[in-house]
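Let's take a walk through a protein model and see what sits inside, what lines its main pocket and where the backbone does something unusual. Keep the picture open as you read.

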Amino acid sequence: MQTSLPVDALLFDLGGVVLEIDFGRVFAAWASFSGVSGESIAARFRFDGQYEAHERGEIEAFEYFDSLRGSLGINLSDAQFAAGWNDIFVGEVPGVRSLLRQAAGAVPLYALSNTNQAHARYWRREYREVMRPFRELFLSSELRLRKPAPAVFHDVVRRIDVSPERIAFFDDLAENVEGARAAGLKAFHVSSPSAIASALQNELGIDCDP
């Protein structure tokens, strides 16, 4: 580790930062199974209490899917819901794999993701290579806490065992960035590998090619 750097750890969000996601693909898949238009399903879908409970690991996938039958008005099987659910992943964000490998050569890397167990099983299998630079993956469904609550950042800081001001966090959602800052982390709102590279180089002194 380069002791001259202003941080001792880098913490990354996954969806929208490392993995490209698209809820439209989910709605299109459920539409193909149900005969209800994707537009109608999208209009009914909510990031509600059941969604958040699922991401905190408080309810299982079959319980969340049962709630969707009511809220979306579509009577799909659990297998059909799961197939569409995993269609959310488009692939790894272009260029991010190289960037993470470069950054890991300077500072230990960790990830913090709001994710349910069904999605975690899928991306752990399908995107193993891009996950390799991370020393540890902190998942909301295992921690029983979700971003943007400062409590989840306090928990991760304790697990990494580094002072919060010595951790830099990268997320594509402004509310998560604010939650991290409230917990004392250096936090950056980013939307692309080039934005990450700019923050690493200009704010943290870590040389990376976007």
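Before we start sorting residues into classes, here is the key: Ala, Val, Leu, Ile, Met, Phe, Trp, Tyr, Cys and Pro count as nonpolar, Asp, Glu, Lys and Arg count as charged, and the others, Gly among them, count as polar. Also keep in mind that this is a predicted model.

**The pocket**

With that key in hand, look at the largest pocket. By class, its lining has 12 nonpolar, eight polar and eight charged residues. The space in this pocket comes to about 570 Å³. Of the 28 residues that line it, I21, Y51, E55, N114 and L173 are the closest to its centre.

Which elements give two or more residues to the lining of the largest pocket? They are β2 (19-21), α3 (49-55), α7 (117-126) and α11 (174-182). The one that gives the most is α3, with three residues.

**The cores**

Now for the inside. In soluble globular proteins, nonpolar side chains tend to be buried together. Here, the largest nonpolar core has 59 residues, and the members that touch the most others are L10, W30 and F170. Let's zoom in on F170: once you set aside its neighbours within four places in sequence, F170 is in contact with L10, L11, F12, D13, V17, F188, V190, I196, A199, L200 and L204. There is also a second, separate core of 19 residues, with Y110, L112, V177 and A180 among them.

**Two helices, α11 and α10**

We met α11 at the pocket, so let's go back to it. Its residues N176, V177, G179 and A180 are buried. These residues sit on the same side of α11, because they cover an arc of only 160° around the axis. The cover over the buried residues of α11 includes α10 (150-160), β6 (167-171) and β7 (186-189). Just after α11, G184 has a positive phi of about 95°.

What about α10 itself? In that helix, V152, F153, D155, V156, V157 and I160 are buried. Their cover includes β1, β4, β5 (134-139), α9, β6 and α11. H154 is found in α10 too, but with a relative accessible area of 45%, H154 is partly exposed. If you want a feel for distances, H154 and V90 are 64 residues apart in sequence and 31 Å apart in space, C-alpha to C-alpha.

**Buried or exposed?**

Here are some residues to find on the structure, with their relative accessibility.

| Residue | Relative accessibility | Counts as |
|---|---|---|
| S113 | 5% | buried |
| L5 | 6% | buried |
| R144 | 48% | partly exposed |
| D161 | 67% | exposed |

Take S113 to begin with. It lies in strand β4 (residues 109-113). S113 counts as buried because its relative accessibility is 5%, and the cut-off for buried is under 20%. What does S113 touch, not counting residues up to four places away in sequence? The list is D13, L14, F138, L139, S140 and K147.

L5 is found in the segment before β1 (9-12). Leaving aside neighbours within four places in sequence, the contacts of L5 are A106, V107, R166, L204, G205 and I206. The C-alpha atoms of L5 and G38 are separated by 48 Å, and these two residues are 33 apart along the chain.

**Odd spots in the backbone**

Most residues other than glycine have a negative phi, and most peptide bonds are trans. With that in mind, have a look at the loop between α9 (140-143) and α10, where P148 is found. The peptide bond from K147 to P148 is cis, with omega near 10°.

R144 lies in the loop between α9 and α10 as well. R144 is not a glycine, yet it has a positive phi of about 65°.

Which residue takes a positive phi just after α10? That is D161, at about 65°. D161 is a residue other than glycine, and it is found in the loop between α10 and β6. At 67% relative accessibility, D161 counts as exposed.

Key. Residues numbered from 1 in each chain as written. Predicted model: local features only at pLDDT ≥ 70, side-chain atom pairs only at ≥ 80, totals over all residues. Heavy atoms only, no water. Core = buried A, V, L, I, M, F, W, Y, C linked by side-chain atoms within 4.5 Å. Buried < 20%, exposed > 50% of the residue type's maximum accessible area, 1.4 Å probe, protein only. Contact = heavy atoms within 4.5 Å. 1 Å grid on protein atoms, 1.4 Å probe; cavity = no way out; pocket = protein on both sides within 12 Å on 5 of 7 lines; lining within 4 Å. Points joined across faces, edges and corners; volume = space filled by probe spheres on them. Helix = DSSP H or I, 4+ residues; strand = E, 2+ residues; numbered from the N terminus. Arc of directions from axis to C-beta.
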